[in-house]
Amino acid sequence: MRRRATSSPNMEKGKPQSRFCFILVLSAFFWSLLFFFHFSVLQSEPYISPEVPIRRPSISSSSSDNSPQIPIGRPTISSSYSTSTPRQKPKKKNFPFMRALRTVENKSDPCGGRYIYVHNLPSQFNDDMLKECRRLSLWTNMCKFTSNAGLGPPLDNSLGVFSDTGWYATNQFAVDVIFRNRMKQYKCLTSDPSLAAAFFVPFYAGFDISRFLWGFNTSVRDAASLALVNWLTARPEWQVMGGRDHFLVAGRITWDFRRLTDEESNWGNKLLFLPAARNMSMLVVESSPWNGNDFGIPYPTYFHPAKDSDVFIWQDRMRKLDRPWLFSFAGAPRPDNPKSIRGQIIDQCNNSRACKLLECDFGESKCHSPSSIMKMFQGSLFCLQPQGDSYTRRSAFDSMLAGCIPVFFHPGSAYTQYTWHLPRNYTKYSVFIPEDDVRKKSVSIEGRLREISPEQVKVMREEVISMIPRLIYADPRSGLETLKDAFDVAVEAIIDKVTKLRKDIIEGHNDDDYIEENSWKYALLEEGQRTVGPHEWDPFFSKPKNENGGDSGSGSSAEAAKNSWRNEQRNQ
């Protein structure tokens, strides 16, 4: 019988030792792995997506602001493999006008982004004034001029100066009623304010102040403006943007609405200085270069076509005319105004065989006859347009309607006024001769005009003729088919202005650097520009100072407004 070999004592003793070492090494490895995982992974900075910044909570127990407190804790690890709900971007604030902005996205809606809401004002602000039309002017019976939807009586065409239709004896201050009647025919009116791109206020501001300019105290002059503001600010439509999406029209120069104080001797009312009205846009035939709440629109001419073909026929006729006069001027001297250059212009015209002059003065004058004025303009290559009693004059638009190239002597007569309706590049359609050159007799107007080649004259005249549709107001009782008239251009510009403002509000843009006194410069900026600097026309728009060193710009302009009224009296 074989015996099992007897184990060595040393072998029996080493077996349990090797097992203990194995267990000890395994345990050390396990704890090392555990510590590595704990400190290298769990306690490390979590990966945060750079597109979604995480606001780190403050450890302080109190906060100096009113921002919501975020619980202190570990931020959520962002990973492309994470199964948790992805972090959402904050939603944009839903402004009340968002629906109006979105209408432009509906390509099947021809009025998308173009809707206008017209306030239904009490009749005291418009229609009642027309019922008392004899009170609208101290010297003029405005009843005949408010007929035919504001166009006035038809003009006699016995001299063959006009077209067969569309010509009226339109008063230069009748834009209030013409514009409102054109608005009644606007194709994109809405009764839903949430769709409106802009809000029209049909207040006859020009007619209102014209009733009370002479012999009435400031309380009477301001009454309708204050009542209008009270009515508007109580409306829910006003609350959406505080009136910054509202606009109205006044067929007068801005200085009639910018009375600086409540002294009875001061001119006009204070409509444009009322806090609420400063938010609105006011369309006037002459705006202020130093204020941002008014915008220039053309004076009405005598031509109000009912259809496109009326315009085309007139344009073709203006192209074919023989123009025997190199330049012409219709106007009167201003001996009481030492800054006026009209006297020098009249002298140069009288001394030139190439100039045609129509002198305007008291009593009967061909200068007050639409047919005489238009006939002279039609026979002239260039028409001189110095400042009137204020910066602007209706004559500039009558001359361009006749295909005559205007010659301006101050940028405020056109270039900074009618930026919606005239090309930015004024050299394309006009000639600019600085007033000082005429005043100092350092320039010959005839010599300056003869420097322009016949070929260039032809190009400039064609530019003027092509501009005619934008400078006239179509007959409010019909309307042009495809052409845009002065009304259409103005409404488009207002909509663009309000739309841009709304987008700026959404995006949080603020014009903190805006300087209102330089408002004329902002109108000349190119698309996308926001800041202004020195300009070659700065000397023309430096505000005059009074004896105490204060601003007298509006005061001198108010004097111009008074003179305008005196000359209106002269023309009757």
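Start by selecting helix α8 together with α10 (370–378), α11 (395–401) and α14 (454–471): the buried residues of α8 pack against these three helices. The model is predicted.

Now keep α8 alone, residues 308–320. Its buried residues are D308, D310, V311, W314, Q315 and M318. Look down the axis: these buried residues cover an arc of only 160°, which puts them on the same side of α8. Turn to the other side of α8, where I313 and K320 are exposed. For a length check, place a distance between the C-alpha atoms at the two ends of α8, which are 19 Å apart. The 13 residues, at 1.5 Å a residue, should span 18 Å, so the two values agree.

Next, select F179, F203, L283 and F382. These have the most contacts inside the largest nonpolar core, which has 112 residues. Add helix α15, residues 486–507, which gives the most to this core, with 9 residues.

Centre on F179. Leaving aside neighbours within four places in sequence, F179 is in contact with F200, F247, V249, L283, Y473, F487, A490 and V491.

Then move to A169, L401, A402 and I465, which are among the residues of a second, separate core of 29 residues.

The last stop is D222, in helix α6 (residues 218–233). Is D222 buried or exposed? D222 has 4% relative accessibility, and because buried means under 20%, D222 counts as buried. Show what surrounds D222: apart from neighbours within four places in sequence, D222 is in contact with R259, D262, N269 and K270.

Notes. Residues are numbered from 1 along each chain as its sequence is written. This is a predicted model: local features need pLDDT of at least 70, side-chain atom pairs count only at pLDDT 80 or more; totals for chains, interfaces and linings use all residues. Side-chain values use heavy atoms; hydrogens and water are left out. A nonpolar core is a set of buried Ala, Val, Leu, Ile, Met, Phe, Trp, Tyr and Cys residues joined through side-chain atoms within 4.5 Å. Buried means under 20% relative accessible area, exposed over 50%, partly exposed in between (1.4 Å probe, protein chains only). Helices (H or I, at least four residues) and strands (E, at least two) are DSSP runs, numbered from the N terminus. Contact means heavy atoms within 4.5 Å. The expected span of a helix is 1.5 Å times one less than its number of residues. The arc is that of the directions from the helix axis to the C-beta atoms.
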